[in-house]
Amino acid sequence: MTLKAFGLVLLLAASASGQTAAQCQRCIDMGAPCFKPEWAEPCYAGGGSASTCAANGATWCPTRGGMAPTTPTTPSQPAPPATQPGPSAQASDDNRMVAFVGNWQTCPTDAQMSSYTHVLVSFAVTYTYNPTKNTCNQQCVISTPVPVCENAPQPALVQKWRAAGKKVILSFGGAGMGGHWDGKNDCWEYCYGKEDFVIQQ
């Protein structure tokens, strides 16, 4: 490799590193410090550990001894008066803006939700959490009530979204149901062939 080509490789690597650092900061600010650009939503909580994140081929964005969540700085001049959010977006056949709401995350504000037409709540599951191996419901019965955000059901919030014309969709599954990346949880095994039963719940 020539010196000129080697310099180009270093320049490209520095650029990629800068992009990863910026993306990591965004992920940390979201409370999801596991980053993989190939994912539809590149920031993921990663099971809360660097090893789980690495097992998925993703980058763990450190929150201690490296990057930390950014905090807004105090403005030097008074902030402009708060404005009311514009009209809430409503679902129609020709437009969709989908919000992903992880039930382990902080509930979104009305202002954050105002532009979305659909809300995807994740995840409904058929197990009780156990750090060694999740306890699966062998009849594939979904655990209720299903948490929406902040690990709580939030029925008033769901009703508010629906009243604003948003379609609320419940995602069934998640990493705790098991899979090839997991190696210990196998709750999906009890749900195969029971699709109609799951839909009716």
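## Strands β5 and β8

In this predicted model, V119 has V168 of β8 as its bridge partner. This bridge belongs to a pairing of β5 with β8, in which the two strands run in the parallel sense over six bridges. Strand β5 is mostly covered, since five of its seven residues are buried.

## Strands β4 and β5

Strand β5 also pairs with β4. Five bridges join these two strands, which run parallel. Within this pairing, V101 has V121 of β5 as its bridge partner.

## The sheet as a whole

How are the three strands ordered in the open sheet? Their order is β4-β5-β8, and the pairing is parallel. The edges of the sheet are formed by β4 and β8, each of which has a single partner strand; one side of each is therefore left without a neighbour in the sheet. From one strand to the next, the twist averages 25°.

As general background, the strands of a sheet pair through backbone hydrogen bonds, and the pairing may be either parallel or antiparallel. In the present sheet, the parallel sense applies.

## Helix α4 against the sheet

Helix α4 packs on the sheet, where α4 touches β4, β5 and β8. The direction of α4 makes an angle of about 130° with that of β8.

Which elements do the buried residues of α4 pack against? They pack against the strands β4 (98–102), β5 (118–124) and β8 (167–172), and also against helix α3 (110–113).

## The two sides of helix α4

Helix α4 covers residues 155–163, and its buried residues are L157, V158 and W161. Why can these residues be said to line one face of the helix? Seen down the axis of α4, they fall within an arc of 100°, so they line one face. On the other side of the helix, P155, A156 and A163 are exposed.

The two sides of α4 can thus be described in turn. One face is lined by the buried residues, which pack against β4, α3, β5 and β8. The other side carries the exposed residues P155, A156 and A163.

## After helix α4

The backbone just beyond the helix also deserves a note. Just after α4, G165 takes a positive phi of about 90°.

Notes:
Residues are numbered from 1 along each chain as its sequence is written. This is a predicted model: local features need pLDDT of at least 70, side-chain atom pairs count only at pLDDT 80 or more; totals for chains, interfaces and linings use all residues. Side-chain values use heavy atoms; hydrogens and water are left out. Buried means under 20% relative accessible area, exposed over 50%, partly exposed in between (1.4 Å probe, protein chains only). Helices (H or I, at least four residues) and strands (E, at least two) are DSSP runs, numbered from the N terminus. The arc is that of the directions from the helix axis to the C-beta atoms. Contact means heavy atoms within 4.5 Å. Two strands pair if DSSP finds at least two bridges between them. Axes are lines fitted to C-alpha atoms, for helices over the stretch in contact, and angles run from 0 to 180 degrees between N-to-C directions.
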